[in-house]
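Morning, everyone. Please bring up the structure on your screens. I'll keep this short.

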Amino acid sequence: MKRQSEEAPIEDLMELVQQIVSFHMKHNAEPEAVDLLMEVEDLDLLVEHVDNTNFRRTCLYLTSAARYLPGPDDMLVLDIAYTIYLKFEEFANALQIALSLDNMQHVRQVFTSCGDLIRKKQFCYILARHGITFELDDEMVADDDDREVLQDIINNTKLSESYLTLARDIEVMEPKSPEDIYKAHLLDGRASAGASVDSARQNLAATFVNAFVNAGFGQDKLMTVQTDSSSGGLSGNWLFKNKEHGKTSAAASLGMILLWDVDSGLAQIDKYFHSNDNHVIAGALLGVGIVNCGVKNDCDPALALLSEYIGKEDSSIRIGAIMGLGIAYAGAQNEQIRSSLTPILNDAKAPLDVIAFTAISLGLIYVGSCNEEVAQAIIFALMDRSESELGEPLTRFLPLGLGLLYLGKQESVEATAEVSKTFNEKIRKYCDMTLLSCAYAGTGNVLKVQNLLGHCAQHLEKGETHQGPAVLGIAMVAMAEELGLEMSIRSLEHLLQYGEQNIRRAVPLALGLLCISNPKVNVMDTLSRLSHDTDSEVAMAAVISLGLIGAGTNNARIAGMLRNLSSYYYKDASLLFCVRIAQGLVHLGKGLLTLNPYHSDRFLLSPTALAGLVTMLHACLDMKAMILGKYHYVLYFLVLAMQPRMLMTVDENLKPLSVPVRVGQAVDVVGQAGRPKTITGFQTHSTPVLLAAGDRAELATEKYIPLSPILEGHVILKENPEYREDS
């Protein structure tokens, strides 16, 4: 310090540092070496000191430490780890760091540096799971046929096939009806008696439950019933058991059931396009978007079908087409869609709901891109809104669409945030909170969490809406790592005790986001308590969140809670509707799917998945207007986050290969000496297997070598040349 203040030369000290680092690296003390170099701000020295024996542990420490460093140091540290992985040709690890930095140049570099085609196939699986749009060119893959195979993997064209292979292996192909989920027979008499009445609200709930439970299976008992003489064309009937806008969700639910299976999906949805009911057509358009979610196709069927409906007269048809495009092309940054959607934002004649959904769709398509043109268009649309429109719940989708453009992009939002300070005071703060929370989502930035908590601590007059997004923002920022997550759960508990009503309504949703598809017992108990709250909005949010934390887990305890709630609220239609939705979520994909936007051992955050969740949660901030009103189809935004929670091992020809794996609770082994066990309490299964939250898998055989460092999703195995069968 003394030398720094006097600006004396520090060369002699740096030589000492060199010696210390070299000593540490030779004696298995990589963390000490890294810490020292961070202190002297010269991490580049690390690259020359790592060798084949210690580079893995060094990089593990670097990537784990990055989450706790203030920006821009975190980026620097990850960059060094990337360089080291490339140096030792650990390309798959390098790719994950490149994705974490959201650096497409690095991704290209990984492809060009690696000469092995099979490893490139594994990279493609990693990119596909992350859900980004990525075009391979001849530099990255020289041979045309190979490039087509690889591009198919990135485009997720075979996702449906793998998912159904998993379903057959676990023997859950049998379609389930909503009644199988409600299990009303387990309840005592009074509740089940009232349930026999066919009300539109109950049928709508059953539509969603059916869609969530049979998601991706391609068959169910309500929508895809085969028309033979005995059933007499039942499939049309369910559609018409729903009223007006209910038909939109019903028709769209077919898209959810045929999720990822584009060819058969478009064929089955086609019949609804000939309907003369606008709501049905709207649902069909949305269904087309849902089927194409996360699956890209060279001939762009969704764009071809949906773009001709964007300019129709009827606003429900327009919303169906616009929302469908947003879901099908999330993250694609498609210029053609932008040029057809941006004019709607500044069209004085367009109704507010069309404008709101256009903003969301553009936000999804350009998620995290910081695209200037889209931002400008949404800002102008916000400035054009009249006083009365600014009070509408739908207007809140405009700032959200704007925020999604900057999802996770930190400082890049500042220019837009300055502009938002000039908005009408009715929406100014709301916009500010939304932009801040989106820009720092998934960064774990402690200062931003404190800032948002500060906004939540103020006791304001009625009618202030900006605290809702601030509470959700705490969850969005803090979900990045386990420690911050636990701390924010505690902070949210405090907010429940002294927060105003509008804060209490948002807290359950924030808890739902923090533990999504990961039912932690303490959070489960909090939500269970809130689900009996005197304020019905709080109770509804808590019920939906119970569904979110249990999403796709089939968690018996949550399922039991929800069954009891269904008998407790049997007279309250709105709350019962929420209970049904939650029941559908808990059994999402019959327990084969997850909504967690984090993957690859909680290292990577999929931007499109988080965007879908955040959109749905923002809609839930005003339950009565959105979910219980006529915009219940915003629930389908969850499809963006739906992913099979599986480990599927395939051979070099990408055919499923069954091998024994150990699945257990992941253990953090950063900086531990020797070769510690990375999982505990494991069971041995043969693949494909399901992975719960916090689970990790490792191969239980030496016969194969996995090409991915993290056994999750699709992993290619190649035969181990040194393996000898024990005779």
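Which residues of α11 are buried? Keep in mind that this is a predicted model. The buried ones in α11 are Leu 159, Ser 160, Ser 162, Tyr 163, Leu 164, Leu 166 and Ala 167.

Now the helix itself. α11 covers residues 159–170, so 12 residues by the helix assignment. From its first C-alpha to its last, it reaches 17 Å. That is close to the 16 Å expected at 1.5 Å a residue. Right after α11 comes Glu 171. Its phi is positive, near 60°.

What covers the buried residues of α11? The cover includes strands from much later in the numbering: β1 at 593–594, β4 at 643–644, β5 at 646–650, β8 at 689–690 and β11 at 713–719.

Next, the sheet. Four strands make an open sheet, in the order β8-β5-β11-β10. The pairing is mixed. β8 and β10 stand at the edges with a single partner strand each, so one side of each is left without a neighbour in the sheet. Look at β10, residues 704–706. Three bridges join β10 to β11, and the two run antiparallel. Within that pair, Tyr 704 stands opposite Glu 719 in β11.

A helix packs here too. α9, residues 117–130, packs on the sheet and touches β5 and β11. The direction of α9 makes about 165° with that of β11.

Back to α11. How does α11 run relative to β5? At about 105°. α11 lies across β5, β8 and β11. Those three strands also appear in the cover of its buried residues.

That's my part. Over to you.

Definitions and conventions. Residues are numbered from 1 along each chain as its sequence is written. This is a predicted model: local features need pLDDT of at least 70, side-chain atom pairs count only at pLDDT 80 or more; totals for chains, interfaces and linings use all residues. Side-chain values use heavy atoms; hydrogens and water are left out. The expected span of a helix is 1.5 Å times one less than its number of residues. Buried means under 20% relative accessible area, exposed over 50%, partly exposed in between (1.4 Å probe, protein chains only). Contact means heavy atoms within 4.5 Å. Two strands pair if DSSP finds at least two bridges between them. Axes are lines fitted to C-alpha atoms, for helices over the stretch in contact, and angles run from 0 to 180 degrees between N-to-C directions.
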